[in-house]
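Visitor: I have this one open in the viewer and would like to talk it through with you. Could we start with the strands and then move outwards?
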Amino acid sequence: MRRKPIVALIYDFDGTLSPGNMQEFGFIQAVGKTPAEFWTMSDSIAIGQDASNVLAYMKLMFDEARAKGIPLRKSDFMSFGKDIRLFDGVKEWFGLVNRYGESRGVRVEHYINSSGLKEIIEGCPIAGEFKHIFAGSFIYDGKGEAEWPGIAVDYTTKTQFLFKISKGIFSSRDNKLVNSSMADDKKRVPFPNMIYFGDGETDVPCMKIVNMFGGHSVAVYDPQNEKKKRQAQKLKRQGRVNFITPAEYTRSSLSYKVVCAIIDKIKADWELQKLSKV
């Protein structure tokens, strides 16, 4: 048994840590579109071809950048991440939670599980806070420019990353270790030690799985968006999530109080499990 439990906080990105889609803070403007125009075009591709919404937006990003002569190297994607807006308190959140976990004898780790782009997230101000970022990405040619989607993450793909986090697998490509049998007491992060943060329907399968295996899920909503609040309330009524909170991440926020209480519970359960082995 580990000397201290690991608690994994797993976050969706768009709408959860940031009030918009990550493409809306630089890339869409660079290709001369408004967010509404870009997403309408993306939806048209997906509907017209009966295709994945995620692959449709990745193709549109590639096509629009090429049409405007904008190179898409990893460094270019990262530059589009530097101006991403974040919800109140996000930049300080990780230190707050880490210190609380340390005070309780718990190791806290943070993960991203997003249908957005890993390269853009890697350029945002909080990228260094995460143990690992699971998200979409491109394949790059010999000149370092994007030429094809490498990983596309939709709402069902997201669920596999929960099992990878549990087993301590940090490869998006792996499909063998994640499916191999592993005793619960050998898993790096048991599901009861997971806290999943999401804002919408693409997070529902992850929320349901985390709940089903004894973890905790939190639906957050933009406090300025009544529609998002109603959506979160619906998820709570349906039993998809344990908690709903405004997307605020300050020391005085409900999100912080909920996470601290869950950490206390995880530590107490871990201590009881130790005593049961005496």
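Visitor: How many residues of β1 are buried?
Guide: Keeping in mind that this is a predicted model, 6 of the 6 residues of β1 are buried, and the strand is mostly covered.

Visitor: Which residues sit on each side of β1?
Guide: Ile6, Ala8 and Ile10 lie on one side, while Val7, Leu9 and Tyr11 lie on the other, and since all of these are buried, both faces of the strand are covered. This split follows a general pattern, in which the side chains of a regular strand alternate between the two faces of the sheet.

Visitor: Which strands does β1 pair with?
Guide: Strand β1, residues 6-11, runs parallel to β2 and is joined to it by 6 bridges, and β1 also pairs in the parallel sense with strand β5, residues 194-198, over 4 bridges.

Visitor: Which residues face each other there, say for leucine 9 and alanine 8?
Guide: Leucine 9 has histidine 110 in β2 as its bridge partner, whereas alanine 8 is partnered by methionine 194 in β5. At tyrosine 11, the residue standing opposite in β2 is isoleucine 112.

Visitor: OK, and β2 itself, why is it described as largely enclosed?
Guide: Strand β2 covers residues 107-117, and 10 of its 11 residues are buried, so the rest of the structure largely encloses it. Besides its pairing with β1, β2 also pairs with strand β3, residues 132-140, in the parallel sense over 4 bridges, and within that pairing leucine 117 stands opposite glycine 136.

Visitor: Switching to loops, where is aspartate 50, and is it buried or exposed?
Guide: Aspartate 50 is in the loop between α2, residues 35-49, and α3, residues 53-67, and it counts as exposed because its relative accessible area is 73%, where exposed means over 50%. Its backbone is worth a look too, as aspartate 50 has a positive phi of about 50° although it is not a glycine.

Visitor: What about glycine 214, where does it lie and what does it touch?
Guide: Glycine 214 lies in the loop between α8, residues 204-212, and β6, residues 216-221, and, leaving out residues up to four places away in sequence, glycine 214 touches Phe191 and Pro192. With a relative accessibility of 35%, glycine 214 counts as partly exposed. Its C-alpha atom is 24 Å from that of serine 172, the two residues being 42 apart along the chain.

Visitor: Zooming out, what does the radius of gyration say about the whole chain?
Guide: A compact globule of 278 residues would have a radius of gyration near 19 Å, and the chain's own value is 19 Å, so the two agree. Along the principal axes, the C-alpha atoms fill a box of roughly 65 × 40 × 35 Å, and the secondary structure comes to 10 helices and 7 strands.

Visitor: And what share of the residues is buried, and what of the contacts?
Guide: Buried residues account for 49% of the 278 in the chain, and among contacts between residues at least 6 apart in sequence, 63% join residues at least 24 apart.

Visitor: Last topic: how many charged side chains are there, and what is the surface made of?
Guide: There are 41 positive and 33 negative side chains, with the centres of the two sets 7 Å apart. The accessible surface comes to about 13500 Å², and 50% of that belongs to carbon and sulfur atoms.

Methods: Residues are numbered from 1 along each chain as its sequence is written. This is a predicted model: local features need pLDDT of at least 70, side-chain atom pairs count only at pLDDT 80 or more; totals for chains, interfaces and linings use all residues. Side-chain values use heavy atoms; hydrogens and water are left out. Helices (H or I, at least four residues) and strands (E, at least two) are DSSP runs, numbered from the N terminus. The radius of gyration is taken over C-alpha atoms; the globule rule is 2.2 Å times the number of residues to the power 0.38. Buried means under 20% relative accessible area, exposed over 50%, partly exposed in between (1.4 Å probe, protein chains only). Contact means heavy atoms within 4.5 Å. Accessible areas come from the Shrake-Rupley method with a 1.4 Å probe; for residues, only the protein chains shown count as cover. Lys and Arg count as positive and Asp and Glu as negative; His and the chain ends are not counted. The place of a charge is taken as NZ of Lys, CZ of Arg, CG of Asp or CD of Glu. Two strands pair if DSSP finds at least two bridges between them.
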